[in-house]
Amino acid sequence: MTTSPPPELKNIQEFLFEAPLYKKYSTTSAVLRSLYTISAGNSRRIDGHCPYCNRSSTFVITKVHVPNPEHRHDISRRTCLSESVTITCARSDTHKIMYFFRKIDMVVEKIGQHPSLADIANDEVAQYRKTMAKLDAQEFHKAIGLAAHGVGVGSFVYLRRVFERLITNRFEEFKSAEGWDNSRFYAARMEDKITLLQDHLPDFLVRNRKIYSILSVGVHALDEKDCLKWFDVMKQSILIILEDDKKKKEELARRELFSQAIERFEAKSENSS
Ligand SMILES: [Zn+2]
């Protein structure tokens, strides 16, 4: 069996805040040294989301534990199955994230971390999830959890469901007012559904309707690695769409409220004249 060599790890920020568990990376001595050296003063700050501050922050490496392996001082030859590193948030000494690594020669993988990558990633989008419908929030949560565990295709399935639900809900809301036909809508391709609904959908979605094809290609044809590579772009796009959609709905509701008020005034003045 031939296996392709692991991808190269270029910086520790990506490894600590994006890499799922058990994903192997080949790396260089310089990167390894920066991973296993306690930060002195303000040096080597690592940017990432702090799940305790609930916002993005910077971290420094505050604790490194390497049990006594052979070649302890030769980082490129050292093999160690249970190394740990703790990083601490610049805003508070109590905000810590702890990692466990397995390192064999120049290949390193994360084998544990607390809080989990899924918890950190979900905390990062918690403010958006608060405003989502319950089912959207649940499925968005699942998508992020799956991506954090290296399941790319599965994460796309959930994002696609959130997207489809938005389109279907919008159709159901406006179909009687617009006189749209149920069977024609449900048989149509997504592209045509978006064209039909475009006046009632966020502009970003209408302009970037390709998002749906990317999600569909992901589900049917891309491999796990490509889906994971595209996951963040898809996740951020869905967030923009949901935010825009919320604003659009609020704006429509506000307009409706005021037109009703104005109509009431007209009715009253007609009665009194
Ligand atoms: Zn913090």
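The following dialogue treats the domains, the zinc site, the salt bridges and a surface patch of a predicted model.

Reader: Into which domains is the chain divided?

Author: The assignment gives domain 1 (12-116) and domain 2 (125-256). Their centres, taken over C-alpha atoms, are separated by 35 Å.

Reader: Which residues are the protein donors of the zinc ion, and what arrangement do the donor atoms make?

Author: Ideal angles at a metal are 109.5 degrees for four tetrahedral donors. In this model the donors are Cys50 (SG), Cys53 (SG), Cys89 (SG) and His95 (ND1), at 2.2 to 2.4 Å from the zinc ion. The 4 donor atoms subtend angles of 99 to 116 degrees, and the arrangement is therefore tetrahedral. Along the sequence, the spacing of the donor residues reads C-x2-C-x35-C-x5-H.

Reader: Where do Cys53 and His95 lie, and are they buried or exposed?

Author: Cys53 belongs to the loop between β2 (46-50) and β3 (55-65), and His95 to the loop between β4 (80-89) and β5 (96-104), so the pair ties together parts 42 residues apart in sequence. Cys53 has a relative accessible area of 19% and is buried, because the cut-off for buried is under 20%. His95, at 14%, also counts as buried.

Reader: How many salt bridges does the count give, and how should one be read?

Author: Side chains of opposite charge can pair when their charged atoms come close. Here the count comes to 16 salt bridges. One of them joins the side chains of Glu139 and Arg161, at 2.7 Å from N to O. This pair links distant parts of the chain, with Glu139 in helix α5 (residues 134-148) and Arg161 in helix α6 (residues 152-178), 22 residues apart. Glu139 is buried at 4% relative accessible area, whereas Arg161 is partly exposed at 38%. Both residues also belong to a network of salt bridges with Asp136 and Arg165.

Reader: What separates Glu173 and Arg170 within helix α6?

Author: These two residues are 3 residues apart, which means about one helical turn. Their closest N and O atoms are 3.5 Å apart in a salt bridge. Glu173 is partly exposed, with 42% relative accessible area, while Arg170 is buried at 3%.

Reader: Which residues form the nonpolar patch on the surface?

Author: The patch consists of Leu257, Phe258 and Ile262, which together have about 330 Å² of accessible area. Ile262 is placed in helix α11 (residues 224-272). Its relative accessible area is 52%, so Ile262 is exposed.

Terms used:
Residues are numbered from 1 along each chain as its sequence is written. This is a predicted model: local features need pLDDT of at least 70, side-chain atom pairs count only at pLDDT 80 or more; totals for chains, interfaces and linings use all residues. Side-chain values use heavy atoms; hydrogens and water are left out. Patches are made of residues with over 30% relative accessible area and no salt bridge: like charges are joined within 9 Å, nonpolar side chains (Val, Leu, Ile, Met, Phe, Trp, Tyr) within 5 Å. Accessible areas come from the Shrake-Rupley method with a 1.4 Å probe; for residues, only the protein chains shown count as cover. A salt bridge is a side-chain nitrogen of Lys or Arg within 4 Å of a carboxyl oxygen of Asp or Glu. Helices (H or I, at least four residues) and strands (E, at least two) are DSSP runs, numbered from the N terminus. Buried means under 20% relative accessible area, exposed over 50%, partly exposed in between (1.4 Å probe, protein chains only). Donors are N, O and S atoms within 2.8 Å of the metal (3.2 Å for Na, K and Ca); water is not among the atoms, so sites may look incomplete. Four donors count as tetrahedral if all angles lie between 85 and 135 degrees; four count as square planar and six as octahedral if opposite donors are over 155 degrees apart and all others between 65 and 115; anything else is irregular. Domain bounds come from an automatic or database domain assignment.
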